[in-house]
Amino acid sequence: MKNIEDRGIVQQLTRYYDALLDEKPFSDKVDYQQPARLVAITPSFHRDNLQIENIILLTFSF
C-alpha cells in the first residue's frame with residue numbers, strides 16, 4: 001500500500017514475494033504450494049508499472 005505513485009512498486013512486490021518464499025513464515029498455517037496474488041494499492045500507477053503488468057508472464061533466463 002502506497003499513498004503516492006511509486007515507479008518501483010512491482011519490483012518491491014516481487015522482492016517481498018521472494019523473501020516470503022525463502023522464509024516461509026507461518027508454514028504450519030500457510031500452504032506455500034498454492035498460487036499467490038500480489039496486490040498493490042495506490043492512488044495512481046506509474047506508466048512503467050502498467051507496462052510491466054503486460055509482460056510479467058514472460059519467462060526469463062539469466
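1. A quick definition before anything else: a salt bridge here is a side-chain nitrogen of Lys or Arg within 4 Å of a carboxyl oxygen of Asp or Glu. By that rule, Asp 28 and Lys 29 make a salt bridge, with N to O at 3.9 Å. Both partners are out in the open: Asp 28 is exposed, and so is Lys 29. Keep in mind that this is a predicted model.

2. How many salt bridges turn up overall? A search of the whole structure gives three. Another of them pairs Asp 6 with Lys 2, at 3.2 Å from N to O. Asp 6 is partly exposed, with 24% relative accessibility, and Lys 2 is also classed as partly exposed, at 25%.

3. The pair I'd look at on screen is Asp 48 with Arg 7, where N to O comes to 2.4 Å. Asp 48 sits in helix α2 and Arg 7 in the segment before α1, so this salt bridge ties together parts that are 41 residues apart in sequence. Arg 7 itself is exposed, with a relative accessible area of 54%.

4. Now the fold. You'll find two helices and zero strands. The helices are α1 (9-23) and α2 (47-55), and the loop between them holds Lys 24. Phe 26 is in that loop too.

5. Those two loop residues deserve a look at their backbone angles. Most residues other than glycine have a negative phi. Lys 24 isn't a glycine, yet its phi is positive, about 45°. Phe 26 isn't one either, and its phi is positive at about 60°.

6. Are these two buried or exposed? Lys 24 is partly exposed, with a relative accessible area of 37%. Phe 26 counts as exposed, because its relative accessible area is 60% and the cut-off for exposed is over 50%.

7. On overall shape, the radius of gyration is 14 Å, whereas a compact globule of 62 residues would come in near 11 Å. Along the principal axes, the C-alpha atoms fill a box of roughly 40 × 30 × 15 Å. Buried residues make up 10% of the 62.

8. Contacts and surface round this off. Of the contacts with a separation of 6 or more, 73% are between residues 24 or more positions apart. The accessible surface is about 5,700 Å², and carbon and sulfur atoms account for 56% of that.

9. Last, the charges: there are 7 positive and 9 negative ones, and the mean positions of the two sets are 3 Å apart.

Notes: Residues numbered from 1 in each chain as written. Predicted model: local features only at pLDDT ≥ 70, side-chain atom pairs only at ≥ 80, totals over all residues. Heavy atoms only, no water. Helix = DSSP H or I, 4+ residues; strand = E, 2+ residues; numbered from the N terminus. Rg over C-alpha atoms; globule rule 2.2 N^0.38 Å. Buried < 20%, exposed > 50% of the residue type's maximum accessible area, 1.4 Å probe, protein only. Contact = heavy atoms within 4.5 Å. Areas by Shrake-Rupley, 256 points an atom, 1.4 Å probe, with all protein chains shown as cover. Lys, Arg positive; Asp, Glu negative; His and termini not counted. Charge placed at Lys NZ, Arg CZ, Asp CG, Glu CD.
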